[in-house]
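Here's a quick tour of how some helices pack, a couple of backbone oddities and what sits around the ligand. Have the viewer open and follow along.

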Amino acid sequence: MGDAQRVMDRSNELAAISADPDHLVRVHLTPEHKAANELVASWMEEAGLSTWQDAAGNQCGRLEGREPDLPALLLGSHIDTVPDAGRYDGMLGVLLAIEVVARLRDRASELPFAIEVVAFSDEEGTRFGNALMGSRALSGQWDDEWWDLRDEDGISLAEAFVDFGLDPARLPGAFRRPEQFVGYLEAHIEQGPWLEDADRALGVVTSIAGARRFEFTMIGKAGHAGGSPYDRRRDALVGASELVVEIERISKERHVIGTVGKLEVLPGGVNVIPGRVDFSLDLRAEFDDDRDEALRAIREAAKEIAARRRLEFHAEEMYRADAVMCDLDLRSAVEAGIRATGDAEPMAMWSRAGHDGMAVVAVAPIAMLFIRCKGGVSHHPDESVTKADVAVALDAYEAAVLELAKQ
Ligand code: HGY
Ligand code: MN
Ligand code: MN
Ligand code: MN
C-alpha cells in the first residue's frame, strides 16, 4: 500500500500548484505548468527514469529495456486542468505510470521494450481553446495556424512558447515516429458513474468518443425592455434559449451528448432586449455518424428558430476529434491486468471523455485503464478516488505492462 499512499500524497502536492489558491487551475505554458513539470521530473528521476522536457513543453522520462534504444511502451496522461478542477483528472494517470516504473526498474533488464512516461500539457485546451496540443505535438500532428491562437489576455501561442523558454522553430523536435513505440497505455479516472453503479473499481476502455465543438451566435436587435411589444421583438436570448433546450431534446432522443457550457448575452443590460448571444456546443457520441446526424438536426432546429424569430444564426467549428478504437492486443493486456487483481470479468466501456490517446493513436496503438471516481464527478473540486482503488489500479497497471512484455 506504500506506493498507493505516495500517489495520493503526490496528487495533493501537485494540486497545490495552481494559478488560483482557492480553485485548482493549471494551464499550458504558465509558471504553474513549469513548476509542475519540475516536480514531476523529480519524481520521475526518483523512480529511475532519465528525464527531459520536449520541444512542446511535455515532461518526459525513459527507462531502458534489456538493451539500449528499444522501442518504448509509452505510459502517461496530462497534468493540465480545466478551471476549478479536481486533482485526479490526468494527474492520477501520470503518478500511477511513475509508480509502475518504480516497481519495474529492477526488472528492466528483462523487458523487451523501453518504458517512457509522459506528462502531457494542454489536453484540456483551457488556455487557447484548442485541445490535445501536447499529445498532437508528440504524434507529429501540428498545424502552424495554431501559433496565432490567443488566450483571453491576447497572448499568442507563439509568444507563450517563448515566455516559457521554448522556441517555436524547434517544435518539430517533439515529433516522434511510430517505430519508436510499441504502444500507449493510459490510466485515467472514469469521469462517469458506470463503474460505481456496477460496484467495480476498474474498467477497460473499448473506444474514446469523438467530440466536435462550436461557437454558436444568435443575432437579433437590442431594444427597450419596456417599450417594445413582443410581436416586434427580435430577442437573441429567447432564440438561443429555445435552441439550448432543443439541443438537450435532440441529444436525448438520439443517444448523443450535447452540452452548452458557455453563453454570453450582449449588450448585457438589465433593461435591454438582448441583441446578440454567443454560446458554445460540445457534441460527442460513441459513433461519429450518430454525432454528425444529431449535428444536422441541431442546425435544422437553429435555422427554423432563427427564421420564426427573425434572427440570424451563425456557427463556427472550433475543434474536432473523431472517435478512436483501442487496440485489441493492448486491451487484452489491460484485461489480464484487471483479472490479476481478482476481477474475473473486466468491465468494458466506451469513454465519454476525450483523452490524449485520440492523438497518440497516430503513432502507437492505444489502450486505457479506467478507475472508479466517487459519484462519477469530474471537472469539479469534489473529484475523488479511494486509496484502495488506487492500490488495485497500480497492481493492474503493473500486471498489464508485464503481460505486454510476455506478448
Ligand atoms: O473534455 C474532455 O472530455 C476531456 O476531459 N478533456
Ligand atoms: Mn478533463
Ligand atoms: Mn483527463
Ligand atoms: Mn482526457
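Helix α3 (residues 91-104) packs with α11 at an angle of about 60°, and their axes are 10 Å apart. Angles from 65 to 115 degrees count as roughly perpendicular and those under 35 as roughly parallel, so α3 and α11 end up oblique to each other. Their crossing is right-handed. Bear in mind throughout that this is a predicted model.

Helix α11 (residues 387-406) has another partner to look at: its axis and that of helix α9 (residues 328-339) come within 7 Å. The angle there is roughly 130°, which makes α9 oblique to α11. As for handedness, α9 and α11 make a right-handed crossing.

What about α7 and α8: how do they run relative to each other? The axes of helix α7 (residues 236-254) and helix α8 (residues 288-308) come within 10 Å and cross at roughly 150°. Angles over 145 degrees count as roughly antiparallel, and α7 and α8 are therefore roughly antiparallel. This pair, α7 and α8, also crosses with a right-handed sense.

Follow the chain on from α8 and you get to a loop leading to β13 (312-321), which is where Arg 310 lies. Check the backbone there: phi of Arg 310 is near 55°, so a positive value in a residue that isn't glycine.

Another backbone detail is worth a click. Which residues does a cis peptide bond join? They are Leu 266 and Pro 267, with omega at about 0°. Pro 267 belongs to the loop between β10 (263-266) and β11 (272-273).

Now for the ligand. Around ligand 1 you'll find Glu 123, Glu 124, Arg 213, Arg 284, Ala 353, Gly 354 and His 379. By type, that shell splits into four charged residues, two polar ones and one nonpolar. Here are some polar distances to oxygen atoms of the ligand, each taken to an N or O atom of the side chain or, for Arg 284, a polar side-chain atom.

| Side chain | Partner | Distance |
|---|---|---|
| Arg 213 | oxygen atom of ligand 1 | 3.1 Å |
| Arg 284 | oxygen atom of ligand 1 | 2.6 Å |
| His 379 | oxygen atom of ligand 1 | 3.0 Å |

How much of ligand 1's accessible area does the protein cover? On its own, ligand 1 has 210 Å² of accessible area, and the protein covers 90% of that.

Terms used: Residues numbered from 1 in each chain as written. Chains lettered and ligands numbered in written order. Predicted model: local features only at pLDDT ≥ 70, side-chain atom pairs only at ≥ 80, totals over all residues. Heavy atoms only, no water. Near = heavy atom within 4 Å. Polar contact = N/O pair within 3.5 Å; in protein donor to acceptor, adjacent residues only side chain to side chain. Areas by Shrake-Rupley, 256 points an atom, 1.4 Å probe, with all protein chains shown as cover. Nonpolar A, V, L, I, M, F, W, Y, C, P; charged D, E, K, R; others polar. Axes fitted to C-alpha atoms, helices over the stretch in contact; angles between N-to-C directions. Helix = DSSP H or I, 4+ residues; strand = E, 2+ residues; numbered from the N terminus. Left-handed = near helix turned anticlockwise from the far one by under 90°.
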